[in-house]
Amino acid sequence: MGGADTTPPAPPDAQARRAVAPVICYPADTLPAPDLAGYAAARDGARRTAAVTVPPRDARALRVPAGHFLSILCPEGAQVGDLNLFNAADLSERFYSGKTRALHGTHVSTGARLWSCFPHLRPMATITHDSLAWYGTDPHGGRVHDVIGTRCDPYTAHLLGGVEYHHCCHSNLTRALSAETGLPLHEAENHVHDVLNVFMCTGFTPEGRYFMKASPARAGDRLEMLAEIDLLAVLSACPGGDCGAEHSSDTAPCHPLTLEVFAPEAGHPAGWAVPPRSAYRGGHGA
Ligand SMILES: [Zn+2]
């Protein structure tokens with residue numbers, strides 16, 4: 001390693017090539033827009049029908065009927081949550097973090113949808129309330145609720161630190177999904193996927209390195225979403241706590257998280273319907 005600089009010399013038109021204007025990969029103007037006012041009206045007067053506490057360094061599952069609201073609450077203090085979403089009737093339809101990022105950006109807030117994987121590609125949930133929406137972009141380029149990171153896991157922890165740690169979000173989600181579905185641990189693990197990092201504050205350095213910093217969440221902060229389909233939600237309270245220092249260990253102070261379900265009076269927002277799966281017919285040109 002080291003020694004010779006392998007960077008090729010810049011061509012004469014390097015600056016001109018760099019100066020080409022960017023275009024947004026997926027302009028949002030043709031995305032079907034959610035009726036946020038209708039959703040907010042349905043949330044008013046909705047009653048709580050279920051709640052579960054996610055203990056620190058552990059995970060829990062909760063089912064959310066389509067048309068109901070899932071609320072993720074920080075009840076005690078700053079705590080990052082790693083969220084997996086499944087179609088409650090079909091685990092093969094699950095949250096697609098990469099396409100959600102491509103459609104809505106690196107971080108999500110009110111109005112963003114959480115999309116499912118191919119061949120379904122439909123909104124699984126729509127974010128309806130974010131008490132941290134005021135945070136915006138901080139001086140380091142950090143934002144809250146990321147769809148960049150994957151989830152802390154024991155394989156990377158072992159790769160980088162040679163440790164055997166069993167309470168990474170990946171393992172927590174695996175245990176909770178196994179407990180909820182009755183699937184053996186190794187089968188449940190295959191369904192665990194890249195997460196929405198709830199309350200996590202992250203960004204990129206100017207050199208493109210992924211960074212995290214202490215979550216600005218405080219007791220009482222909340223992220224809420226409307227379940228667009230029947231959901232099985234699984235949430236891990238990350239062993240990194242507020243993720244201000246490290247994860248994959250028992251050293252960071254950790255807090256619980258609360259999952260709650262709220263049912264609108266009419267059962268769902270007025271005029272709302274379960275979104276259809278992608279209408280692409282799957283020919284793939286064959
Ligand atoms: Zn984690």
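**Exercise 1.** Find what share of the residues in the protein chain is buried, and decide how the chain compares with a globular protein of its length.

*Solution.* In this predicted model, buried residues make up 41% of the 286 residues in the protein chain, where a residue is called buried if 20 or more other C-beta atoms lie within 10 Å of its own. The next step is to take the secondary structure, which comes to six helices and 13 strands. The radius of gyration of this chain is 20 Å, close to the 19 Å that the globule rule gives for 286 residues, so the chain is as compact as a globular protein of that length.

**Exercise 2.** Work out the strand order of the open six-stranded sheet, and explain why strand 1 and strand 6 each have one side without a neighbour in it.

*Solution.* Reading across the sheet gives the order 1-13-3-11-7-6, with antiparallel pairing. Strand 1 (47-54) and strand 6 (113-115) stand at the edges, and because each has a single partner strand, one side of each is left without a neighbour in the sheet. Further in, strand 3 (residues 69-73) pairs with strand 13 (residues 257-263) over five bridges in the antiparallel sense, and Ile 72 stands opposite Leu 259 in strand 13. Helix 2 (residues 36-43) packs on this sheet, touching strands 3, 7, 11 and 13.

**Exercise 3.** Locate the largest nonpolar core and name the strand that gives the most to it.

*Solution.* The largest nonpolar core has 65 residues, and those with the most contacts inside it include Leu 70, Leu 231 and Leu 235. Strand 12 (residues 231-237) gives the most to this core, with six residues. Leaving aside neighbours within four places in sequence, Leu 235 is in contact with residues including Ile 72 and Leu 259.

How values were computed:
Residues numbered from 1 in each chain as written. Predicted model: local features only at pLDDT ≥ 70, side-chain atom pairs only at ≥ 80, totals over all residues. Pairing = 2+ DSSP bridges. Helix = DSSP H or I, 4+ residues; strand = E, 2+ residues; numbered from the N terminus. Contact = placed C-beta atoms within 7 Å. Axes fitted to C-alpha atoms, helices over the stretch in contact; angles between N-to-C directions. Core = buried A, V, L, I, M, F, W, Y, C linked by C-beta atoms within 7 Å. Buried ≥ 20, exposed ≤ 12 C-beta atoms within 10 Å, placed from the backbone. Rg over C-alpha atoms; globule rule 2.2 N^0.38 Å.
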